[in-house]
Structures are given as structure tokens and as C-alpha cells.
Amino acid sequence: MVPLNDDNPIKITPYLTYALIALNVVVFIHEMRLPPQELETFVRTYAIVPRELTASLLGGNTNQIFPQLLTLVTSQFLHGGFLHLAGNMLFLWIFGNNIEEQLGRFKFLIFYLTCGVLAGLAQWFFSPVSNIPALGASGAIAGVLGAYIIRFPHARVLTLIPLGFILYPVRIPAIFFLGFWFLQQALYGIASLNVRSSIGMESGGVAYWAHAGGFVFGVILGPLLGLFASRKKHF
């Protein structure tokens with residue numbers, strides 16, 4: 001299912017959401033301009049490499065000069081390909097503006113980055129010795145989705161649903177669209193614990209525990225930062 005937009009209008013210009021999208025795009029363009037060897041070095045330096053993070057947390061030596069704890073933030077702005085970037089930015093574009101309006105720009109930035117950090121730690125917890133870099137804005141955006149589902153459960157999301165070779169546009173309540181998304185991430189994450197397949201991070205696939213974890217942390221952190229406060233002009 002591919003979301004196109006929601007019927008949840010806002011009264012602000014979501015400058016921070018736009019800035020996050022722009023920063024992700026700029027970093028991705030930089031990645032694409034690097035020669036293959038330099039790109040690999042760049043990714044392994046600024047993405048989360050669970051094995052290196054584990055060594056750092058245990059006080060051991062790592063193979064990286066860049067502080068491993070900071071990769072929990074920098075990894076949020078790296079992407080492994082155009083579709084990876086496009087999918088993440090589409091979700092941020094659709095759902096981020098409403099959460100920015102509710103929290104205000106400063107709290108939204110704290111919320112976004114914190115969800116990303118906690119999502120990265122969730123994935124690390126289940127793969128602490130993996131040498132596969134974990135990267136992408138998915139964990140932070142999953143936090144946005146978690147906040148959205150509890151704040152706007154009845155907002156309708158215009159969604160393309162594939163039926164055979166045809167994509168049908170359907171308006172689905174957010175509680176069903178995002179609820180299905182979360183259930184899918186959680187089930188794939190559970191499956192990856194016992195089955196070596198392309199869905200687990202060990203094989204270089206999708207970091208489903210970061211998605212599921214980010215979503216849960218978004219549900220928890222959103223209300224703590226004022227998600228249900230009355231709408232007003234925030235900075």
C-alpha cells in the first residue's frame with residue numbers, strides 16, 4: 001500500500017518537516033557523488049554498525065574514529081538507495097506536518113531525533129554483533145507514525161492498493177493504515193529472530209525492529225511532549 005496524502009489540514013507552514021526532507025535529500029546526493037570505495041567508508045563511518053556500537057558501549061576498541069554513539073543520530077540521514085529515500089520522505093511529507101503542528105517545531109525536532117535514536121537502539125538490541133550498517137530515517141519516521149495513529153486515528157489516508165496489475169485509490173482511516181503497517185513490521189521483526197532470510201538485518205535487509213521500536217516510542221513520547229495539547233502557534 002502506498003499513501004498519497006491525508007485529509008488532515010494544517011494551519012502552519014511545516015518548515016521543520018521540509019528542512020528534514022531537504023537535509024536527507026542533500027546527504028543522499030552527496031552519497032551518490034562518492035566513488036564506491038569512498039561511499040562504503042562514508043556509510044560505515046556514519047551509519048550504525050552494531051558490532052562497533054557494542055564494542056564502544058563495552059569500553060572496547062573500535063575500528064572507527066567517529067564516536068559510535070553519535071551514529072545513532074547521523075545514521076538517520078543516510079539512505080541505501082533512491083527507493084529507500086523516496087519511501088521514507090513520502091511518509092514524512094504526509095504525516096510529519098501534523099505532528100510538527102501539534103508539538104511545535106522545537107519539540108518536534110527533539111521528538112523526531114529521539115525516536116530515531118531509540119529505534120536504532122531497538123535494532124541494535126536484537127543484532128548486537130551484526131557487521132551490517134543500519135541506516136535510514138525509517139525509525140524516526142516510525143515514531144511520527146506512532147504519534148499520528150493515537151492523535152489522528154480517524155484521519156483518512158488516500159492510499160493506492162494493488163489489485164492484480166491495477167492500483168486502486170482508497171481512503172483508509174489512519175488507525176487501519178498505520179495499524180497494519182505496524183503489525184507488518186512487528187511480525188517481520190519476530191520472524192527475523194528465528195529465520196535467516198532477506199527480511200533480517202543480518203542479511204542486509206530491512207531493519208524491522210527499528211521500525212516497530214520507533215513506532216512504539218512515538219506512541220509513548222508524543223503525549224509526554226504535548227501531543228494532545230490544544231493547537232496553537234508553536235516555535
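Begin the tour by selecting residues 195-204, where pLDDT (the predictor's confidence in each residue, from 0 to 100) stays under 50, and for which the model has 25 contacts beyond four places in sequence, a contact being heavy atoms within 4.5 Å. Where pLDDT is low, the predicted coordinates should not be read in detail. This is a predicted model, in which local features need pLDDT of at least 70 and side-chain atom pairs count only at pLDDT 80 or more, while totals for chains, interfaces and linings use all residues. Residues are numbered from 1 along each chain as its sequence is written, and side-chain values use heavy atoms, with hydrogens and water left out.

Next, colour the whole protein by confidence: the mean pLDDT is 88, and 91% of the residues reach 70 or more. Helices and strands here are DSSP runs, numbered from the N terminus, with at least four residues (H or I) for a helix and at least two (E) for a strand. Among the elements to compare, helix H8 (residues 174-194) has the lowest confidence, at a mean of 81, whereas helix H1 (residues 15-33) has the highest, at 97.

Now select strands E1, E2 and E3, bearing in mind that two strands pair if DSSP finds at least two bridges between them. Strand E1 (residues 2-6) pairs with E2 in the antiparallel sense over four bridges, and within this pairing Asp6 has Val157 of E2 as its bridge partner. Strand E2 (residues 156-163) is in turn joined to E3 by eight bridges, again antiparallel; here Arg156 is partnered by Pro173 of E3, and Ile161 stands opposite Tyr168. At the turn of this hairpin, which has two residues between the strands, look at Gly164, whose phi is positive, near 70°.

Stay in this region and show the side chains of Leu163, Phe165, Ile166, Tyr168 and Val170, which make a nonpolar surface patch of about 580 Å². Such patches are made of residues with over 30% relative accessible area and no salt bridge, like charges being joined within 9 Å and nonpolar side chains (Val, Leu, Ile, Met, Phe, Trp, Tyr) within 5 Å; the areas come from the Shrake-Rupley method with a 1.4 Å probe, and for residues only the protein chains shown count as cover. Strand E3 (residues 166-173) gives the largest share of the patch, three residues. Val170, which is found in E3, counts as partly exposed at 33% relative accessibility, where buried means under 20% relative accessible area, exposed over 50%, and partly exposed in between (1.4 Å probe, protein chains only).

Then move to Glu100 in helix H5 (residues 82-103), a buried residue with a relative accessible area of 1%. Leaving aside neighbours within four places in sequence, Glu100 is in contact with Ile12, Thr13, Pro14, Tyr15, Leu16, Thr17, Arg105 and Phe108. With Arg105 it forms a salt bridge, the closest N and O atoms being 3.4 Å apart, the rule being a side-chain nitrogen of Lys or Arg within 4 Å of a carboxyl oxygen of Asp or Glu. The count by this rule comes to one salt bridge, and its Arg105 is partly exposed, at 24% relative accessibility.

Finish at helix H3 (residues 50-57), whose buried residues are Pro50, Glu52, Leu53, Thr54 and Ala55. These buried residues pack against helix H4 (71-74) and helix H6 (105-126), and just after H3 you will find Gly59, with a positive phi of about 80°.
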